[in-house]
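Please open the model in your viewer and keep the sequence panel beside it. The tour below goes from one selection to the next and says what is there at each stop.

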Amino acid sequence: MTAERRPHAGWLTTLLGSASFARAFTLVVLGAVFASFAIERVAGRTTYVTIVAGLCVLGAGVLVVRRGEVSLLRLIPTTLVAFLAWTLVSGFWAWDRADSWWSWVSTAALAFLAVVIGHIRDTLQTARALGDVLRVLLSISLGVEILSGVILDIPFRFLGVQGNIAQFGPIQGIFGTRNMLGFIAVLALITFLIEYRTQSVKPGLSIFSVLLAGSLAAFSDSPTVLVLALAAGVAVAALALVRHSDPDRRGALQWILGALVVVGIAVGYAARHPIIAWLGAGTDFSMRVNLWNLMVDYVTLRPVQGWGWYGPWVDGGTPFSIINYRLRASHATGLNAYFDVLLQVGWVGLILFVAFVGVALVRSWLDASERRSVVYAWTPLILVTLLVDSMFESFTLAGVGWMLLVLCAVRAGQSRGWRERLGGRSGSDLPRIQGPQMSAG
């Protein structure tokens, strides 16, 4: 009996299903989203939107070609679906339905790209791709700052570069603001250190990368950098402690650490004024408090459903324009992701958002606690950085922050979730830590 002849796959199918294309796609997506500010300033927003739309089409093609490798049950975290559904519904009671709709499309598009990357790249491949992209973009940022502040000694206004590197900051690089540069530099530091511990790049390149990210974080002079670095450091110490512990005691230790986090948050809130004075961010924090208080006033008018989803604030939108008018300011966000979600989609949206990020953090933390390889620490450390930064900025609701948040949630959901048990999958065949003799990574 002759074997059935298989039809020859077309060149496009072969290309979209190849590992090389998956790597290139990941690099291009991360590069485009992280360089979005520079792309918009140089080539216009239409160019950036066209790039993202084209990448979404390619991403859909990749998923179609790889449909045999992707489980529909594990494709998107349930909590993400619920949050996106509520933000979409909120457009029906938004003051400007068209702006709300297009804002939701932007949010969903970046989430889709993150989902695609999460299913075609594993954790190490994702961290390596991010490391490669951030090395290039941070190097470009340093070069632009040196060109502006040292060689030419003129600001590059079209990029928002003030040329202050000769005065040791603050600098913005190609990311628009010093806070965004500081935020990305901390994410880069975490990624570069994971690369170093996993020996996935040469030691010399790792050392250069860490020095580059650390220098730009310092030159950014962002008041949030120290807080983010401290939070990441505490998370690293706690994770190492858990990984070194005996498996029989690991569960109790996790609960103790969780309680300490709650106590630490309470103490930090009670001692917020001395901490703010120590950081030298009193004026900045006072401005934020005034903004948050006014946002809460408008939350009380629509406490359950909010004012409609927009992500970053829309010029002339309600209530954003009114808030800015009363404060005599021009805020583009609420400078706090949680208050922003509460204002835009109400308490229902905030509960869904907290459930989304909380489930992702717990899943990734437990996974990193048990896995032998240090690379699994990348996901919870990135999540901790995103969630802590969300208390001072709204970066996690759009752009790089939102995409990384969804990507980490997808990675966490692939190893721990009810859907993998429903599908009879174990999640991974990779080894887990058996006892304190394993490396803390």
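A charge sits over a ring if NZ of Lys or CZ of Arg is within 6 Å of the ring centre and within 35 degrees of the ring normal. With that in mind, and remembering that this is a predicted model, select Arg 302 together with Trp 307: the charged end of Arg 302 sits over the ring of Trp 307, at 4.5 Å from the ring centre.

**The whole chain**

Now zoom out and colour the protein chain by secondary structure, which comes to 18 helices and zero strands. Of its 441 residues, 50% count as buried, and among the contacts between residues at least 6 apart in sequence, 77% join residues at least 24 apart.

Recolour by confidence before going further: the pLDDT of the protein chain averages 85, and 88% of the residues score at least 70. Select residues 1-7, where the pLDDT is below 50 and where the model has zero contacts beyond near neighbours in sequence. Then select residues 421-441, where pLDDT also stays under 50, although for this stretch the model has 43 contacts beyond four places in sequence. Where pLDDT is low, the predicted coordinates should not be read in detail.

**Helix α14 and the residue after it**

Move to helix α14, residues 320-327, and show its side chains; the buried residues here are Phe 320, Ile 323 and Asn 324. These three cover an arc of only 95° around the axis, and therefore lie on the same side of α14. An α-helix has 3.6 residues a turn, so residues three or four places apart point the same way.

Step on to Arg 328, which follows α14 and has a positive phi, near 55°. Add Tyr 325 to the selection, and Arg 328 is seen to lie over the face of that ring, at 4.9 Å from the ring centre.

**Aromatic pairs**

Show the aromatic side chains next, among which the structure holds 16 aromatic pairs. Select Trp 86 and Trp 93, whose ring centres are 5.4 Å apart and whose planes stand at 55°, so that the pair is tilted. Trp 93 is partly exposed, with a relative accessible area of 25%.

For another geometry, select Tyr 338 and Phe 353, an aromatic pair that is edge-to-face, with 6.2 Å from centre to centre and 65° between the planes. Is each partner buried or exposed, in whole or in part? Tyr 338 is partly exposed, at a relative accessible area of 22%, whereas Phe 353 counts as buried, at 1% relative accessibility.

Widen the selection around this pair, and ring pairs link Phe 83, Trp 309, Tyr 338, Phe 353, Phe 356 and Trp 402 into a cluster.

**Ser 141 in helix α7**

Select Ser 141, which lies in helix α7, residues 123-151. The residue counts as buried, at 1% relative accessibility. What is Ser 141 in contact with, once its neighbours within four places in sequence are left aside? Display Gly 173, Ile 174 and Phe 175, which are its contacts in that sense.

**Cysteines**

As a last stop, select the cysteines, bearing in mind that the structure holds zero disulfides. Among them, Cys 56 counts as buried at 17% relative accessibility, and Cys 408 counts as buried at 0%.

Terms used: Residues numbered from 1 in each chain as written. Predicted model: local features only at pLDDT ≥ 70, side-chain atom pairs only at ≥ 80, totals over all residues. Heavy atoms only, no water. Buried < 20%, exposed > 50% of the residue type's maximum accessible area, 1.4 Å probe, protein only. Helix = DSSP H or I, 4+ residues; strand = E, 2+ residues; numbered from the N terminus. Arc of directions from axis to C-beta. Phe/Tyr/Trp six-rings, centres within 6.5 Å; stacked < 30°, edge-to-face > 60°. pLDDT = per-residue confidence, 0-100. Contact = heavy atoms within 4.5 Å. Disulfide = S-S within 2.5 Å.
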